[in-house]
Amino acid sequence: MADQGEATCRQVDGGMTRVFELFGKRWTGLIVATLMPAPVHFADLRRAIPGISERMLSDRLMELAGTGLLVREVDPGPPLRVSYRLTEAGLAMEPALKELARWAETYLADGGQCPERFRK
């Protein structure tokens, strides 16, 4: 049996664990990316993210608000409208999200599969 060594005993960094506990959930990254340029109303968010249900969008927005990444603002109307905007902490995700998008264009461009030339 191969020597297990020190490398197998390392644990995942606590910061990475927290990031992926939040951003590892489906839709979270897309919501943040959609809010990056400017505040967005709930209905517009729903249209911008195909496949997300109203309930899931609402749950993810509440979760992101709870972490301090976005704020919910009620426009008194009429009609009453709710919009969401990223906080300073949420906006600080922009460089990381842009870098992930660049990585995906390079390494996942073939329908979500890593091209053969990068599999070595």
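Where is the place of Met16? Met16 lies in helix 1, in a model that is predicted. The legends below describe close-up views of this predicted model.

**View 1. Met16 and a nonpolar surface patch.** Val12, Met16, Val19 and Phe20 together make a nonpolar patch on the surface, with an area of about 410 Å². Within this group, Met16 belongs to helix 1. Met16 counts as partly exposed because its relative accessibility is 44%, a value that lies between the limits of 20% for buried and 50% for exposed residues.

**View 2. Helix 4 and its two sides.** Helix 4 runs over residues 54-67 and has 14 residues. From its first C-alpha to its last, helix 4 reaches 20 Å, close to the 20 Å expected at 1.5 Å a residue. Four of its residues, Leu57, Arg60, Leu61 and Leu64, are buried. These residues lie on the same side of helix 4 because they cover an arc of only 100° around the axis. The face turned away from the buried side carries Arg55, Met62 and Gly66, which are exposed.

**View 3. The surroundings and the end of helix 4.** The buried residues of helix 4 pack against three other helices, namely helix 1 (14-23), helix 2 (28-35) and helix 3 (42-48). They also pack against strand 2 (70-75) and strand 3 (81-86). Just after helix 4 comes Gly68, whose phi is positive, at about 90°. Arg60, one of the buried residues of helix 4, is linked with Lys25 and Glu63 in a network of salt bridges.

**View 4. Asp44 and its two salt-bridge partners, Arg47 and Arg81.** The structure holds eight salt bridges, and this view presents those formed by Asp44 with Arg47 and with Arg81. Between the side chains of Arg47 and Asp44, the N to O distance is 2.4 Å. About one helical turn separates Arg47 and Asp44, because they are three residues apart in helix 3. In the salt bridge of Arg81 with Asp44, the closest N and O atoms are 4.0 Å apart. This second pair links distant parts of the chain, with Arg81 in strand 3 and Asp44 in helix 3, 37 residues apart. Arg47 counts as exposed because its relative accessibility is 60%. Asp44 is partly exposed at 31% relative accessibility, and Arg81 is partly exposed at 37%.

**View 5. A salt bridge in helix 6.** The side chains of Lys98 and Glu94 form a salt bridge with an N to O distance of 3.3 Å. Lys98 and Glu94 are four residues apart in helix 6, and therefore about one helical turn separates them. Lys98 counts as partly exposed, with 47% relative accessibility. Glu94 is likewise partly exposed, with a relative accessible area of 31%.

**View 6. Cys114 in the segment after helix 6.** Cys114 is placed in the segment that follows helix 6 (94-107). With a relative accessibility of 25%, Cys114 counts as partly exposed. Cys114 is in contact with Tyr107, Leu108 and Arg119, when its neighbours within four places in sequence are left aside. Ala104 and Cys114 are 10 residues apart in sequence, and the distance between their C-alpha atoms is 9.0 Å.

Conventions. Residues numbered from 1 in each chain as written. Predicted model: local features only at pLDDT ≥ 70, side-chain atom pairs only at ≥ 80, totals over all residues. Heavy atoms only, no water. Helix = DSSP H or I, 4+ residues; strand = E, 2+ residues; numbered from the N terminus. Expected span 1.5 Å × (residues − 1). Buried < 20%, exposed > 50% of the residue type's maximum accessible area, 1.4 Å probe, protein only. Arc of directions from axis to C-beta. Contact = heavy atoms within 4.5 Å. Patch = residues over 30% accessible without salt bridge, like charges linked within 9 Å, V, L, I, M, F, W, Y side chains within 5 Å. Areas by Shrake-Rupley, 256 points an atom, 1.4 Å probe, with all protein chains shown as cover.
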